[in-house]
Amino acid sequence: MTTPAIQPPPAPLIRLHEVHKAFGSLVVLNGLNLEVQPHESLVVVGPSGTGKSVLLKHLVGLLRPDAGAIYFKGTRIDQLTEQEWDPIRRHFGFLFQMGALFDSLSVHDNIAFPLREHGTFSEAEISDIVCAKLRMVGLESTAKKMPGDLSGGQKKRVALARAIALDPEVVLYDEPTTGLDPIRADVINELILKLQEELQVTSIVVTHDMASAFKVGNRLVMLLEGKVIATGTPDDFRHSTDDRVLRFVQGRASPEDLQALQRASHDAQTIQRGPG
Amino acid sequence: MFVETLGRKSTKALEELGDYSRFAGRIVYWMARGPGKFARRQLMQQAYEIGTLSMPVVMVTGAFIGMVLAIEMYPEFRTFGMETHIGGVINVSVIKQIGPVLTAVMLAGRVGGALTAELGTMKVTEQIDALRAMASDPIRILATPRVAACLMMMPALTIGSDLLGIAGGYFMSVTVLHVDAGDYWVNARNAMDNYTVFSGLIKSMFFGLAIATIGCYKGFNCGSGAQGVGRACTESFVASFVAILVMNFFLAKMLNDIFTMIWPNAGMTL
């Protein structure tokens with residue numbers, strides 16, 4: 001009897017190695033290491049300003065790292081020229097924080113845009129695809145509307161339909177539920193799960209909404225000061241022994257922040273009462 | 001300290017100039033290669049917004065400039081009994097200098113600022129990033145049709161302004177100041193030649209190129225928020241305005257030199 005060969009771990013789809021990025025004197029990514037496996041649903045959490053959106057923008061070449069390397073399917077991509085980036089970008093769908101729909105185009109034309117640009121479809125085929133994508137996000141009736149006539153949640157769903165128009169392998173979500181009420185936020189969460197299931201995509205979701213993170217992620221990563229400080233399943237995060245992680249998960253301010261607030265209100269009272 | 005500031009500022013200015021040149025170079029590249037169906041479709045819409053909608057205002061300013069030139073020149077020329085010659089002077093100055101420059105300045109205000117505001121808002125709302133993320137070069141999609149439309153419409157607008165300038169000068173001189181119409185036209189025709197018309201239109205194309213490329217460049221590189229867009233619009237207008245006047249000087253010198261090179265014995269018109 002032969003012993004079964006040990007399967008090597010699957011090669012990561014995306015790998016970031018010691019990525020540094022600073023804007024002027026503000027250091028945003030500070031030696032970030034991260035691997036993303038095919039078909040996983042990775043959620044990147046962390047307080048605002050820790051470089052979550054900056055991380056996503058590095059994956060599609062909207063930003064370039066100051067140091068470090070980024071690999072996609074084993075090929076280094078961070079040093080490519082703008083033209084060389086384009087074939088890589090077609091593997092990605094990017095849902096921007098505010099949707100970033102083109103104001104001057106109707107919902108239909110917004111979704112048709114990448115199809116007309118990169119596909120070889122006839123107008124009839126484009127119409128069919130647009131309808132199918134809109135049906136997927138539950139907004140078939142809005143095809144003729146302009147983005148200005150849509151609500152915030154609808155805009156994000158249309159933007160999602162546009163992001164998946166060319167059936168990308170990886171979908172990047174930048175704060176998909178920010179600015180939405182809890183019910184609309186949950187619609188977006190369900191949608192992310194549905195796409196994950198139906199299209200077998202790899203999802204990377206950046207958020208600070210923990211309800212959303214627990215719902216859509218099968219792996220969570222926490223970013224703090226430009227570094228990954230924790231990684232694990234949603235359960236690992238709920239039962240983390242790291243106080244920084246636990247505080248973020250439970251939404252508690254740090255004792256230092258509370259002390260600073262108390263000190264500020266004490267000072268304000270002293271000023272109101274006047275000296276002596 | 002002073003030297004340091006000067007050095008830093010000139011490095012920044014040179015960097016921006018280099019950036020702008022690369023940006024303009026890419027637009028020219030896409031114009032030559034063909035920017036694709038989407039951009040081609042936008043061209044007509046932009047030509048309408050930049051050209052057709054600017055025509056009335058450009059014509060009105062042209063007419064008033066023609067009239068004011070007649071009023072100012074008439075007494076001077078009358079002193080020497082040469083009032084029938086003002087037609088030539090008005091028409092040559094309108095076609096060679098005032099028409100193209102004034103049209104360009106009007107367009108820098110009306111269109112340059114609007115281009116910057118539109119593209120700047122698209123930058124701030126991440127629409128330009130969205131284009132890049134969808135593997136579509138935003139310079140090809142957004143800047144190329146706007147620059148092409150401006151380049152195409154500037155000569156047309158200049159012709160509109162010139163025509164009304166000529167009409168305004170004629171109206172003031174002949175109808176109001178009673179200069180003899182026949183002599184006015186004969187002198188006006190003698191002063192004019194094809195090269196004068198050509199140099200005015202060539203200049204207008206350069207101005208159109210400058211206005212649109214500066215407007216688009218400033219929009220693409222604007223700072224964040226409403227304040228960033230506002231500042232970019234102001235910078236865009238100021239930069240276009242200065243560029244127009246500086247270019248006008250060098251183009252006038254160059255075109256006159258070319259004229260003397262081709263026709264060494266001909267007298268200069270103005």
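## Ground rules

Two strands pair if DSSP finds at least two bridges between them. The strands themselves (E, at least two residues) and the helices (H or I, at least four residues) are DSSP runs, numbered from the N terminus. With those terms in hand, we can walk through the structure.

This is a predicted model, in which local features need pLDDT of at least 70, side-chain atom pairs count only at pLDDT 80 or more, and totals for chains, interfaces and linings use all residues. Residues are numbered from 1 along each chain as its sequence is written, while chains are lettered from A and ligands numbered from 1 in the order in which they are written. The model has an ipTM of 0.85 and a pTM of 0.85. For chain B, the mean pLDDT (the predictor's confidence in each residue, from 0 to 100) is 91, and 99% of the residues reach 70 or more.

## The four-stranded sheet of chain A

Let us start with the open sheet in chain A whose four strands follow the order β2-β1-β4-β5, with antiparallel pairing. Its edges are β2 (26-36) and β5 (75-76) of chain A; each has a single partner strand, so one side of each is left without a neighbour in the sheet. Eight bridges link β1(A), residues 14-23, to β2(A) in the antiparallel sense, and here A:L16 lies opposite A:L34 of β2(A). Helix α1(A), residues 52-59, packs on this sheet and touches β1, β2 and β4 (67-72) of chain A, its direction making about 60 degrees with that of β2(A). Contact here means that the C-beta atoms of two residues, placed from the backbone, lie within 7 Å. Angles run from 0 to 180 degrees between N-to-C directions, and axes are lines fitted to C-alpha atoms, for helices over the stretch in contact.

On its other side, β1(A) runs antiparallel to β4(A), joined by five bridges; A:H17 faces A:A69 of β4(A). Next, β4(A) pairs with β5(A), again antiparallel, over two bridges, and A:F72 has A:T75 in β5(A) as its bridge partner. These two strands, β4(A) and β5(A), make a hairpin with two residues between them, and A:K73 in the turn has a positive phi of about 50 degrees.

## The six-stranded sheet of chain A

Chain A also holds an open sheet of six strands, in the order β6-β7-β8-β3-β9-β10, and its pairing is mixed. The edge strands are β6 (92-95) and β10 (227-232) of chain A, each with a single partner strand, so one side of each is left without a neighbour in the sheet. Direction ignored, neighbouring strands of this sheet are turned by 15 degrees against each other on average.

At one edge, β6(A) runs parallel to β7(A), residues 170-174, and four bridges join them; A:G93 has A:V171 of β7(A) as its bridge partner. Helix α6(A), residues 182-199, lies across β3 (41-45), β7 and β8 (202-206) of chain A, at about 160 degrees to β8(A). Helix α9(A), residues 243-250, packs on the sheet too, touching β3, β9 (219-224) and β10 of chain A, with its direction at about 110 degrees to that of β9(A).

## Helix pairs in chain A

How do α5(A) and α6(A) pack? Helix α5(A), residues 152-163, meets α6(A) at an angle of about 15 degrees, with axes 10 Å apart. The two helices, α5(A) and α6(A), are therefore roughly parallel to each other; angles under 35 degrees count as roughly parallel, over 145 as roughly antiparallel, 65 to 115 as roughly perpendicular and the rest as oblique. The contact involves A:G153, A:K156, A:R157 and A:L160 of α5(A) with A:R184, A:V187, A:I188 and A:L191 of α6(A). By class, this contact of α5(A) with α6(A) has four nonpolar, one polar and three charged residues. Here Ala, Val, Leu, Ile, Met, Phe, Trp, Tyr, Cys and Pro count as nonpolar, Asp, Glu, Lys and Arg as charged, and the others, Gly among them, as polar.

Helices α3 (107-118) and α4 (123-136) of chain A pack at about 120 degrees, with their axes 9 Å apart. That angle makes α3(A) oblique to α4(A). In this pair, A:H108, A:I111, A:A112, A:L115 and A:R116 of α3(A) meet A:I126, A:I129, A:V130, A:K133 and A:L134 of α4(A).

## Where chain B meets chain A

Twelve residues of chain B are in contact with 15 residues of chain A. On the chain B side, α2 (37-50) and α5 (127-133) each supply at least two residues, and α5(B) gives the most, with five. By class, the side of chain B that touches chain A has five nonpolar, three polar and four charged residues.
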